Amino acid sequence: MTIIAANRRKFLGAMLLASAVITGRRAFGDEKMAEIGRLKPGEYIWRPELALKGPVSVVVSLPQQRVHVYRNGIRIAASTCSTGKPGHTTPTGVFVVLEKDRNHHSSLYDDAPMPNMNRLTWSGVALHAGNLPGYPASHGCVRLPAKFSELLFGVTHIGTPVIIAGAHTDPWELTHPGMVLSGYAEQEFEQVLSGLEGKKHPSDWTEAENFPVTSVVASSADHVIELIENDHVVAKSVLGLEGADKLGSHVFVLNGADQNSRGMHWSAITHHQEDATLAPNQDVIQRLRADPAFNAAMQARMHPGMTMVLTDAPLSPDSRSGKDFVIVTTE
């Protein structure tokens, strides 16, 4: 198991202690879920009206050869895809969109066209339009139907999280009264709420708005938590864990403040590279601790669309490029 952590613009978020409310959300009913399984190569479902606003996350299921798109924790689309073939496998783990190019051509494979390219690694892995024979056939990229790739390109942004996994849960919701990784204090909500005022999700930013995308990565292997802003680590702390040593693999995306619970509202996806039964676990947030300086730095940078990645893999400095943010569990 390896991990590459680095960064070029992206985002991530914070939370913490005290009681939490967790709910599951399935965008499509059982009939639609069955329909996803029956999609033929090149077919897709696109239902943006199910959630018109909110953070977008993308899940690529390697066993299913399917791509699932969630907005604000609700599945708005699903599509067939073709991932890497033997010898050129698609890496699994958590990635973010590093670059977008509607008319990209490959620098590795004879200038091959890669329309509507969402880059995931600087070594050549991306989401893009391509041939879908009904089985893994790419050189490591995730090929998509042409029209679907165009629609997906329109809702992603630099920093959109993309999870490539063998198994994953549907997004689950967590409303948590804690905003930072420490004991909960009532004044924290007012402080974070005032800091969120006027801040928009990255997909709503205009060219005139130049806000940094902020990320948080917590590793149980290293007992380290890092706060990354654009391509710089701006804060780092020893990660304290209460209870078990493992965190599991989770991606949390901040939706915004929830006045009723006096806390922050998150969407989360649990993933694993193996086919396994997965269950949401709100307790994982309550177990995290960081030092006060790190908490303050995180609190000041919170914005809708921030994402927090929790992993049991190490954050190796040897695998950090400084130009992208990638967590790879397998090569």
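Okay, one cut-off before anything else: buried here means under 20% relative accessible area. With that in hand, take V69: its relative accessibility is 0%, so V69 counts as buried. And before I go further, keep in mind that this is a predicted model.

Let me give you the overall picture, then come back to V69. The chain has 331 residues, and buried ones make up 54% of them. In secondary structure, we have 22 strands and 5 helices. If you take contacts with a separation of 6 or more, 73% of them are between residues 24 or more positions apart.

Back to V69, then. V69 sits in strand 4. Who does V69 touch, once you leave aside its neighbours within four places in sequence? The list is V56, S57, I74, R75, I76, A77, F148 and L152. Look at that last one, L152: 83 residues separate V69 and L152 along the chain, yet their C-alpha atoms are 8.3 Å apart.

That takes us to helix 2, which covers residues 146–153. Which residues of helix 2 are buried? They are F148, S149, L152 and F153. These four lie on the same side of helix 2, because the arc they cover around the axis is only 135°. The background you all know: an α-helix has 3.6 residues a turn, so residues three or four places apart point the same way. And two of the buried helix 2 residues, F148 and L152, are among the contacts of V69.

Next, the annotated positions. UniProt, in an unreviewed entry, places the feature "active site" at H128 and C141. H128 is in strand 9, residues 126–129, while C141 is in the loop between strand 9 and strand 10. Are these two buried or exposed? H128 has a relative accessibility of 8%, so it counts as buried. C141 comes out at 10%, and so C141 counts as buried too.

Now their surroundings, again leaving aside neighbours within four places in sequence. H128 is in contact with C141 itself, and also with M114, P115, N116, M117, V142, R143, L144 and S149. S149 is one of the buried residues of helix 2, so I'd put that contact up on the screen. C141, besides H128, is in contact with S82, T83, G84, T90, M114, G124, V125 and A126. M114 shows up in the contacts of H128 and in those of C141.

There's another cysteine I want to show you, C81. C81 is in the loop between strand 5 (74–80) and strand 6 (92–96). It is buried, because its relative accessible area is 4%, and the cut-off is 20%. Beyond its neighbours within four places in sequence, C81 is in contact with V60, Q65, R66, V67, L132, V142, R143 and L144. V142, R143 and L144 also turn up in the contacts of H128. One more distance while we're here: C81 and S138 are 57 residues apart in sequence, and 9.9 Å apart C-alpha to C-alpha.

Q65, one of those contacts of C81, has a backbone worth a look. Its phi is positive, about 55°, although Q65 is not a glycine. Q65 is in the loop between strand 3 (56–61) and strand 4 (66–71), and with a relative accessible area of 8% it is buried. N72 also has a positive phi, near 55°, and is a residue other than glycine. N72 is in the loop between strand 4 and strand 5, but N72 is partly exposed, with a relative accessible area of 23%.

N72 leads me to the empty space. How many cavities of 30 Å³ or more does a search of the whole structure find? The answer is 1. Its volume is about 80 Å³, and it is lined by P55, S57, N72, G73, P171, V251, V253, N255, S267, A268 and I269. Strand 18 (250–258) and strand 19 (263–272) each supply at least two of those residues. By class, the lining has 6 nonpolar, 5 polar and no charged residues.

Last stop, the second largest pocket, at about 520 Å³. This pocket has 25 lining residues, with H157, P202, S203, D204 and W205 nearest its centre. Its lining does include charged residues, 8 of them, along with 9 nonpolar and 8 polar. That's my tour.

Definitions and conventions
Residues are numbered from 1 along each chain as its sequence is written. This is a predicted model: local features need pLDDT of at least 70, side-chain atom pairs count only at pLDDT 80 or more; totals for chains, interfaces and linings use all residues. Side-chain values use heavy atoms; hydrogens and water are left out. On a 1 Å grid over the protein atoms alone, a cavity is a set of points where a 1.4 Å probe fits but cannot get out, and a pocket is an open set with protein on both sides within 12 Å along at least five of seven lines; lining residues have an atom within 4 Å of a point. Grid points are joined across faces, edges and corners, and a volume is the space filled by probe spheres set on the points. Ala, Val, Leu, Ile, Met, Phe, Trp, Tyr, Cys and Pro count as nonpolar, Asp, Glu, Lys and Arg as charged, and the others, Gly among them, as polar. Buried means under 20% relative accessible area, exposed over 50%, partly exposed in between (1.4 Å probe, protein chains only). Contact means heavy atoms within 4.5 Å. UniProt positions are given in the numbering used here, feature names are shortened, and annotations may be inferred rather than shown by experiment. The arc is that of the directions from the helix axis to the C-beta atoms.
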